[in-house]
Amino acid sequence: MKHLRPVLFGGFAALLAGGLAVTRSEAQPDTVKEITKGVWFREGDLEGKGHCNNIIIEMKDYLVVIDANFPSGAKLAMEAAKKMSTKPVKYVFDTHHHGDHAYGNAIWTKAGAITLAYAGVAEEMKRYEPKRWQATSKERPDVGDLKLPTAEPPKQTFTKTPFVLEDGTRRIEFHFLGWAHTRGDAFAFLPKEKILCTGDAVVNGPYNYTADGNIGNWPEVVKAAEKLDVTTILPGHGKPGGRDVLSGERQFMVELRNAVQAEVKKGKKVEDLVTLENGAPKSTSVKVPDAVKNWVGPSLAAQVRDTYLEVTSRKPAGDQPH
């Protein structure tokens with residue numbers, strides 16, 4: 001089986017190999033579904049190509065695409081957008097800085113689009129690049145073929161939240177709600193349609209990557225998202241769903257942290273909880289309730305490791321050396 005996110009970003013291939021391979025029989029990669037009039041959900045081929053999902057939103061005179069994807073995913077999303085509408089893509093919104101969501105930026109800007117993100121995305125790129133880009137370019141031809149020294153940051157950023165695009169036919173609000181999956185996480189909210197595009201702050205399935213995250217604050221971010229009047233969740237990975245995807249993601253993070261804290265209180269060390277293989281987390285003795293099993297997969301060992309470091313150091317996982 002191929003790794004779920006082959007070289008999501010440089011330097012983490014071993015970690016991903018240890019925990020992010022999963023098969024979903026109900027997955028329909030590279031398909032496009034109209035969620036409501038003028039809003040389409042394109043499911044990325046996560047297992048085979050490492051792609052995230054994309055959402056295509058039609059405005060009066062242009063299109064907005066959620067997430068730049070990897071370069072190869074960007075090209076596929078661009079082709080899909082052309083089939084959905086003759087309008088040009090004006091904005092591409094990076095929900096966060098990870099390669100499967102932002103490394104396609106250069107593809108979109110070359111085609112004339114404006115890449116847009118919360119300012120924290122550009123700050124995260126300064127923190128982790130060019131190291132991750134250069135490592136990824138050695139593993140992924142679509143990245144290497146661009147012949148760029150580093151990831152292209154978003155061309156336009158915002159700090160005041162929400163940032164709004166509105167043209168009389170549709171309103172999109174871009175909300176920064178705090179540090180969950182990354183320091184730069186942001187959501188795209190369509191209030192009239194009650195649709196929330198969540199990136200990887202909320203996924204529908206065992207796709208949570210926690211090493212750049214703030215696991216303790218993650219439930220608070222999702223709780224803030226739950227205050228929005230939404231009925232449809234379009235995640236960065238996994239299938240579309242309802243509000244239960246929000247509550248399930250939040251509860252998974254709560255149960256994960258509670259389970260690890262309980263082991264820490266017993267005096268357990270990280271090596272007691274996580275078994276390594278070739279230096280990467282492979283398995284764990286930590287269990288979480290069946291109520292959140294939708295979010296549990298082979299990456300649980302890596303999530304336990306990250307949570308253990310966060311609990312014992314009293315610093316977010318993303319502040320740990322990695």
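**Exercise 1. What percentage of the 322 residues in the chain do buried residues make up? Then describe the overall dimensions and surface.**

Solution. This is a predicted model, in which local features need pLDDT of at least 70 and side-chain atom pairs count only at pLDDT 80 or more, while totals for chains, interfaces and linings use all residues. Residues are numbered from 1 along each chain as its sequence is written, and side-chain values use heavy atoms, with hydrogens and water left out.

Step 1. Buried residues make up 57% of the 322 residues. Buried means under 20% relative accessible area, exposed means over 50%, and partly exposed lies in between (1.4 Å probe, protein chains only).

Step 2. A compact globule of 322 residues would have a radius of gyration near 20 Å, and the chain, at 19 Å, agrees with that. The radius is taken over C-alpha atoms, and the globule rule is 2.2 Å times the number of residues to the power 0.38. Along the principal axes, the C-alpha atoms fill a box of roughly 60 × 45 × 40 Å.

Step 3. About 13,300 Å² of the chain is exposed, and carbon and sulfur atoms supply 50% of this area. Accessible areas come from the Shrake-Rupley method with a 1.4 Å probe; for residues, only the protein chains shown count as cover.

Step 4. Among contacts with a separation of 6 or more, 67% are between residues 24 or more positions apart. Contact means heavy atoms within 4.5 Å.

**Exercise 2. Identify the residues and elements that build the largest nonpolar core.**

Solution. Step 1. The chain has 12 helices and 14 strands. Helices (H or I, at least four residues) and strands (E, at least two) are DSSP runs, numbered from the N terminus.

Step 2. A nonpolar core is a set of buried Ala, Val, Leu, Ile, Met, Phe, Trp, Tyr and Cys residues joined through side-chain atoms within 4.5 Å. The largest one has 35 residues, and those touching the most other members are Phe187, Leu196, Val230, Leu246, Phe252, Leu256 and Val304.

Step 3. At least two residues of this core come from each of β10 (187–190), α9 (218–226), α10 (243–265) and α12 (300–313). Helix α10 gives the largest share, 7 residues.

Step 4. Leu256 sits in α10 and, at 0% relative accessibility, counts as buried. Leaving out residues up to four places away in sequence, Leu256 touches Ile215, Val288, Leu300, Gln303, Val304 and Thr307.

Step 5. With that same exclusion, the contacts of Phe187 include Phe93, Phe174, Leu177, Leu196, Val202 and Val221. A second, separate core of 22 residues includes Val64, Ile172, Ala186 and Leu190.

**Exercise 3. Explain why helix α6 is described as largely enclosed, and list what packs against its buried residues.**

Solution. Step 1. Helix α6 covers residues 119–128; 7 of its 10 residues are buried, so the helix is largely enclosed by the rest of the structure.

Step 2. The buried ones are Ala119, Gly120, Val121, Ala122, Glu124, Met125 and Tyr128.

Step 3. They pack against the helices α4 (99–102), α5 (105–110) and α7 (131–139) and the strands β6 (114–118) and β7 (156–158).

Step 4. Tyr128 is also one of the contacts of Gly318. Gly318 lies in the segment after α12 and counts as buried at 6% relative accessibility. Beyond its neighbours within four places, Gly318 also contacts Trp179, Arg183, Ala211, Asp212 and Gly213.

**Exercise 4. Locate the cis peptide bonds and the positive phi values described below, and state the setting of each.**

Solution. Step 1. Glu129 and Pro130 are joined by a cis peptide bond with omega about 10°; Pro130 is in the loop between α6 and α7.

Step 2. Thr161 and Pro162 are joined by a cis peptide bond with omega about 0°. Pro162 belongs to the loop between β7 and β8 (163–166).

Step 3. Asn69 is not a glycine, yet has a positive phi of about 70°. Asn69 lies in the loop between β4 (63–66) and α3 (71–84) and counts as buried, at 0% relative accessibility.

Step 4. Arg314, also a residue other than glycine, has a positive phi near 60°. Arg314 is in the segment after α12 and counts as exposed, at 79% relative accessibility.
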